[in-house]
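Me: I would like to learn how to read a few features of this model. Can we start with domains and then move to a helix?

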Amino acid sequence: MATLEIRDLHVTVEVENGTKEILKGVDLTVKQGETHAIMGPNGSGKSTLAYSIAGHPKYTITQGTVTLDGEDVLAMEVDERARAGMFLAMQYPVEVPGVSVSNFLRTSATAIRGEAPKLRTWVKEVKESMAGLQMDPSFAERNVNEGFSGGEKKRHEILQMELLKPKIAILDETDSGLDVDALRVVSEGVNRVRETGEVGTLLITHYTRILRYIKPDYVHVFANGRIAESGGPELADKLENEGYEAYVKGGASA
Amino acid sequence: MAEAQNIPVGSTTAGSIAVAAESTVATRMSAPPSFDVADFPVPHGREEEWRFTPLERLRGLHDGTAVATGEGVKVEVEAPEGVTVETVGRDDARLGRAGTPVDRVAAQAYSAFEKASVVTVPKETVLAEPIRIAVHGDGGTAFGHQVIELGAFAEAVVVIDHSGDAVLAANVDYVLGDGAKLTVVSVQDWDDKAVHVAQHNALVGRDASFKSVVVTFGGDVVRIHPRVAYAGPGGEAELFGLYFTDAGQHQEHRLLVDHNVPHCKSNVVYKGALQGEQAHAVWIGDVLIEAKAEGTDTYEMNRNLVLTDGARVDSVPNLEIETGEIVGAGHASATGRFDDEQLFYLMARGIPEREARRLVVRGFFAELVQQIGVDDIQERLIAKIEEELEASVA
């Protein structure tokens, strides 16, 4: 069973007037089949955690380890991490002009699976997943994220998650900017993948709303660059009622 | 209905986009067209038609100091049966009918060439195989003139391949008889040091179709100036261009479509990718719809993909409309950047860096390459693009 282990992770980023530490010792273990929600106020470092694990060049790891089944994730290139089974659904997916969704998906699936998927089954697979996410077939011919609405971008991210079947999926504020209908469709997509029991999900969110659709096994409150409290789903209810205030006050510079 | 649009999808930190709102295609030139180099002052670099060009790298083509050398540049024509290939002197009446030099270097070429090659496809002759013209330099300096003429209803594909090292100024005339169909692919695959300045003049006959594909990969300075005018109504011109500008290269494509006759069409699509320090691509697209050219349908577009920092694009579409009685007119110019965020996104989906870059560039050019319609050229271009990319990643 795949396990992602984050130990004492410290991450800095270059800002205007020097270097700023964003993550200040994160410890977290996510196992295949589990769903963890990471909740926290803006600026607490939630997205930094997601992008650092995925290997975005903007972030510098200064301390700590991230391993996937004992393999050193931090030593891998960005594409190697993905091929090892990591997936990041991005909050702001990037436009790639001139590359169609169908070409992109197939190239990606070929890279992740190590061989080109058989054309006939592949077409069927993509069609079914797209239908599940209520995406029009014409979507496949558009350029990646070009001119996509906010909802379309998120559906496209979850479509990739379904097709690439990661061991560990990090969903970075997948719920932000979605209306209720889109949120439901996207959540159902995530749940289809979770139901296979083969993905460990790290759900990063600012709001408790998405947790009505995607039920977490664990809830972590993220504040001031580290996990401030961990608990079960009931912790989300507490946050719903009380907000993040208690955690923010505790932070030195939040 | 006339519409003009400009859609910059993004700009580069090191690049720039300049767009002229108004144009005066004819009066912007520093001298009227002429076959005589003496009618043009030596440019100083601030003239509208020279302001983007590094004159100091033209090896004297612009100021009269470039002298033709003995070995010059070799021109070899391989033509299927039925095609006449001649080498003629300056006084041949068939030269210079498609257009007149509009700048000093083109006039210099016309004033200095000694022999011209004339390729004629007789009327109603439809060629099954392309005419292939190899222009090869071994370090010489040359002034050239070529004429390709198609009689009425003739159909031909011409591939002009430029290779080696040369300093070359040339005029190329395409004369299309009524109903003729000509596709010309001009490939500038020069070595790194070559300098090539050429004016291409097409005169498109009544109901004739002209397709020009200009492909520029190599050279130190390449400046190509395709121009189209119509000899009768019903003519169509498609001007396609593809360039891959590497570090230090200056590649300039200037176009003019003169809608001087009613009911003609033109479609211009140029796409370029740039990479490396001091890579500089210039695209000037002038379309003129004269008052008498009612029923004109025209569109022009330039797209640039900047792959690295340090490259610069100047893209200037000009559309000048003297009559409102047209079918359509539009232009667009956009320069986008392949940036680290795109790379991260693709790599985060397991795609290796090399493959990610290839994917983006191939996608960018694919649609245009498919429109060329000459299979072996299409394959060659895709291979060449991959080669350029390999060189950049390595």
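Me: Which domains does the assignment give for chain B?

Reply: Keep in mind that this is a predicted model. The domain assignment splits chain B into domain 1 (37–338) and domain 2 (339–394). Taken over C-alpha atoms, the centres of domain 1 and domain 2 of chain B are 26 Å apart. In the contact, domain 1 of chain B supplies 20 residues and domain 2 of chain B supplies 17 residues.

Me: Which elements of domain 1 of chain B give two or more residues to the side that touches domain 2 of chain B?

Reply: Strands of chain B do: S5 (155–176), S6 (181–188), S8 (209–216), S10 (236–245) and S12 (265–274). By class, that side of domain 1 of chain B has 15 nonpolar, 2 polar and 3 charged residues.

Me: What feature does UniProt place at residues 137–364 of chain B?

Reply: The unreviewed UniProt entry lists "domain: SUF system FeS cluster assembly SufBD core" there. Over residues 137–364, chain B is 9% helix and 62% strand. The end C-alpha atoms of that stretch are 31 Å apart.

Me: Where does B:Gly373 lie?

Reply: B:Gly373 is in the loop of chain B between helix H3 (353–370) and helix H4 (375–393).

Me: Why does B:Gly373 count as partly exposed?

Reply: Count the neighbours. B:Gly373 counts as partly exposed because it has 15 C-beta neighbours inside 10 Å. Buried would take 20 or more, and exposed 12 or fewer. For a distance, take B:Thr125, which is 248 residues from B:Gly373 along the chain. The C-alpha atoms of the two are separated by 19 Å.

Me: Now a helix. How many residues does helix H4 of chain A have, and how far does it reach?

Reply: Compare the span with the expected rise. Helix H4 (residues 119–132) of chain A has 14 residues. From first C-alpha to last it reaches 20 Å, close to the 20 Å expected at 1.5 Å a residue.

Me: Which residues of H4(A) are buried?

Reply: A:Val126, A:Ser129 and A:Met130 are buried in H4(A). They cover an arc of only 100 degrees around the axis, so they sit on the same side of H4(A). Helix H3 (101–113) and helix H5 (150–164) of chain A are among what covers the buried residues of H4(A).

Me: Which exposed residues are on the face of H4(A) turned away from its buried side?

Reply: That face carries A:Arg120, A:Thr121, A:Lys124, A:Glu128 and A:Ala131.

Me: What phi does A:Gln134 take, just after H4(A)?

Reply: Check the sign. A:Gln134 has a positive phi of about 55 degrees.

Notes
Residues are numbered from 1 along each chain as its sequence is written. Chains are lettered from A and ligands numbered from 1 in the order in which they are written. This is a predicted model: local features need pLDDT of at least 70, side-chain atom pairs count only at pLDDT 80 or more; totals for chains, interfaces and linings use all residues. Helices (H or I, at least four residues) and strands (E, at least two) are DSSP runs, numbered from the N terminus. UniProt positions are given in the numbering used here, feature names are shortened, and annotations may be inferred rather than shown by experiment. Domain bounds come from an automatic or database domain assignment. Two residues are in contact if their C-beta atoms, placed from the backbone, lie within 7 Å. Ala, Val, Leu, Ile, Met, Phe, Trp, Tyr, Cys and Pro count as nonpolar, Asp, Glu, Lys and Arg as charged, and the others, Gly among them, as polar. The expected span of a helix is 1.5 Å times one less than its number of residues. The arc is that of the directions from the helix axis to the C-beta atoms.
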